[in-house]
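Work through the four exercises below with the structure open. Try each task before reading its solution.

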Protein chains: 2
Amino acid sequence: MAGSIKDQVAIIGVGCTKFGDNFDQSFEDMLAEAAFAAFADARIEPERVEAAWLGTFSPYAGNGKASVSLADALRLYGKPITRVENYCATGTDAFRNAAMAVASGMYDVALVAGVEKLKDRPMRGLGWESGHPYQHDGLTAPGVFALSANRYFHQFGGGRETLAKVSVKNHHNGALNPKAHFQMEVSEEQVLKAPIVAWPFGLFDCCPTTDGAAAAVICRADMARQFRDDYVLVKGLGLAVTSGRPWYDPANDYIGFASTQAASAEAYRMAGIRNPAAEIDFAEVHDCFTWTEITNYEDLGFCRKGEGVQFIGEGRSALAGDLPVNPSGGLKSFGHPIGASGVRMIYEVVTQLRGHAGARQVREAELGLVHNLGGPGSVACVIVLGRQ
Amino acid sequence: MAGSIKDQVAIIGVGCTKFGDNFDQSFEDMLAEAAFAAFADARIEPERVEAAWLGTFSPYAGNGKASVSLADALRLYGKPITRVENYCATGTDAFRNAAMAVASGMYDVALVAGVEKLKDRPMRGLGWESGHPYQHDGLTAPGVFALSANRYFHQFGGGRETLAKVSVKNHHNGALNPKAHFQMEVSEEQVLKAPIVAWPFGLFDCCPTTDGAAAAVICRADMARQFRDDYVLVKGLGLAVTSGRPWYDPANDYIGFASTQAASAEAYRMAGIRNPAAEIDFAEVHDCFTWTEITNYEDLGFCRKGEGVQFIGEGRSALAGDLPVNPSGGLKSFGHPIGASGVRMIYEVVTQLRGHAGARQVREAELGLVHNLGGPGSVACVIVLGRQ
């Protein structure tokens, strides 16, 4: 059974670029902007960073060069920099590895950065050039998640109208967020009338292709107050990997993700959380497709399996609900530069916990959750963050 | 300044496939063979593994699929698996992250695996398809290292005859090693008469293109004796990254690698080593090209800058020398499946420290060093391992 590093690591600074079509910024430009914003936020000089972790999924798209590109972007030479890649959970897993390194005593202050440059050389549906197993089996990313969405609605009811509620909510939140890729409201009618990508997903059920970077500075919790009073503590960490080809797995029920269930169980155990629906105040979760957010409610324990339709329908995950989900606008509206997303979610949760989220501020934000889901639902990473 | 996790992590099992043209084995086949060998060596059931790290550089070459491919190869489902990539230092950096995670208290027992499948879809000289910055600047991997080799010989003397001595030595050692890609002696004359790849490097100065996998099981040092008495302790860890395009750096002297110097300084500080030439008993170092081994002697502190020519000339790094280097045969002879190499070096050092290396056994092996060098000399990782 896994141990715990609860309350041993603090986040003292966060930074994030505007997400969107960043044609005017290189991979390194975005890294530098996000990292220097995090340094300023942590009130440290860059030299204070002893080690860094870079989360990036496809460093060869858009000329990314992994660890050395972070070194060159920041002139961070002669120090340890690790690149972590874990499908769409890349950013959160980079953070997890950095947190364990700080907790081990190896480093006092570390940087985590996530970045992806997708617009200059789009991934074209996770196709052959990426070598992704989806393609080998004739599937695309929307197709994989659509299979599960259809099975889910067959078993529990709900349908495209349910999905539209998620899209409307997340676009509403994104419209309040000056860093979001799409800052526009959409109506349920617009969502329902959009072109179909893979039934039941229409265009507004799918997250966009986005450029962006985000960063966080972490340190030993016992020295955090040297930097700022309102630091945030790492309460729980969990990562779980299942099969890369779940459609060959006879145990796959197509109504949820065992990866999210296992990762959140590990994070909750470390954080000492027994009733997540009551204890978690808000969450940034992986809404690569609108249905994914619905199953996330259930797999994360915010409600029981099959009750996600009701959860969104009753407005419980809205900004004013009892458990706001994706106050940032989510992947749907904020965008999804793969390796950046997890770190961007940490940026959002820290901003909310500090009470600095402005028009999209969640009430009584004391314990927030971050959730990434990667591959065909095969990799999940959950991070629980809290005020001291 | 960085802290220390000296003596907190133990290696209790290692495994390694035969390296070579493994056309009959998939990426997953090799992972499974290496990991199950390590489980057997550690005398544990696979279920005992709480978390895993996978080092692989080019998961899209040869249909590798990163974290999920380790999960599928081992049926290691529902557990945390991180993929680390750091150029040719991928395997050692995966080990470093796993060691810090165990030292943090998060996990008691963890698996590190390194793998690369290069023969089915060769990388073709780190060309455009890999998006490597070499190619953007008109350089290949041999070309990059050849630039430095020429500058080095211009400044310190030596030449192709010096390089040939490294090749002869490493082929001699590899001929004693049943898992090496090339198990054949070469003569100095053969090396010197081989076709030139990039002056001063001929064919026998360059490591080959190889398939392979290696694995290690690590645990908290205080529980290592439960598994086996002859466990090995992690004494020092260091990683350092410099510019990805050193030829644009006016401070680059082309006679050595600042990355290796910084990474070894960090590892020696943690291990408490002041005089590496006297204290390190043997080493597995990154001889991607024969000249690289010569500069490694100097950058690792086995001799002073410029004395590497003498170091190889006097046979000090031979199996019977006072500081044997690459008793395994090195990258030159054992092969270099990128992400596997660092873990394979750990396999060799552990085997030597146990006294189980047979015909290639080093005398009085109590403290061994592992060194990986990645990119155009931009990433170095150093690990010091010792008997208790």
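**Exercise 1. The nonpolar core**

Find which residues touch the most other members of the largest nonpolar core, and list the contacts of the one in chain B.

Solution. This is a predicted model. Step 1: the largest nonpolar core holds 272 residues, and Phe302(A) and Phe302(B) touch the most other members. Step 2: set aside residues up to four places away in sequence; Phe302(B) then touches Tyr268(B), Ala277(B), Ile280(B), Ala283(B), Tyr297(B), Phe311(B), Arg316(B), Leu323(B), Val325(B) and Leu369(B). Step 3: set this beside a general tendency. In soluble globular proteins, nonpolar side chains tend to be buried together.

**Exercise 2. Two packed helices**

Describe how helix α3 and helix α13 of chain B pack.

Solution. Step 1: α3 covers residues 90–104 and α13 covers residues 338–354; the angle of packing is about 65 degrees and the axes are 5 Å apart. Step 2: α3(B) contributes Thr90(B), Gly91(B), Thr92(B) and Phe95(B) to the contact, while α13(B) contributes Gly339(B), Gly342(B), Val343(B) and Ile346(B). Step 3: sorted by type, the residues of this contact are 3 nonpolar, 5 polar and no charged, with Gly counted as polar.

**Exercise 3. Helix α8 and Ala271**

Is Ala271(B) buried or exposed? Place this residue in its helix, then check the length of α8(B).

Solution. Step 1: Ala271(B) belongs to helix α8 of chain B, residues 258–271. Step 2: the relative accessible area of Ala271(B) is 10%, and the cut-off for buried is under 20%, so Ala271(B) is buried. Step 3: beyond neighbours within four places in sequence, Ala271(B) contacts Lys6(B), Lys235(B), Gly236(B) and Val384(B). Step 4: other buried residues of α8(B) include Ser259(B), Glu266(B) and Tyr268(B). Among the elements of chain B that cover the buried residues of α8(B) are β8 (232–241), β10 (367–374) and β11 (379–387). Step 5: with 14 residues at 1.5 Å a residue, α8(B) should span 20 Å, and the end C-alpha atoms are 20 Å apart, so the two values agree. Step 6: after α8(B) comes Gly272(B), with a positive phi near 75 degrees.

**Exercise 4. Two chains**

What relation links chain A and chain B?

Solution. Step 1: chain A is superposed on chain B by a rotation of 180 degrees with 0.0 Å of shift along the axis, and the RMSD is 0.0 Å. Step 2: this is therefore the relation of a two-fold axis. Step 3: within chain A, Ser104(A) has the C-alpha nearest the axis, 1.9 Å from it. Step 4: both copies use the same surface, as 100% of the contact residues of chain A recur in chain B.

How values were computed: Residues numbered from 1 in each chain as written. Chains lettered and ligands numbered in written order. Predicted model: local features only at pLDDT ≥ 70, side-chain atom pairs only at ≥ 80, totals over all residues. Heavy atoms only, no water. Core = buried A, V, L, I, M, F, W, Y, C linked by side-chain atoms within 4.5 Å. Buried < 20%, exposed > 50% of the residue type's maximum accessible area, 1.4 Å probe, protein only. Contact = heavy atoms within 4.5 Å. Axes fitted to C-alpha atoms, helices over the stretch in contact; angles between N-to-C directions. Helix = DSSP H or I, 4+ residues; strand = E, 2+ residues; numbered from the N terminus. Least-squares fit on C-alpha atoms with pLDDT ≥ 70 in both. Expected span 1.5 Å × (residues − 1).
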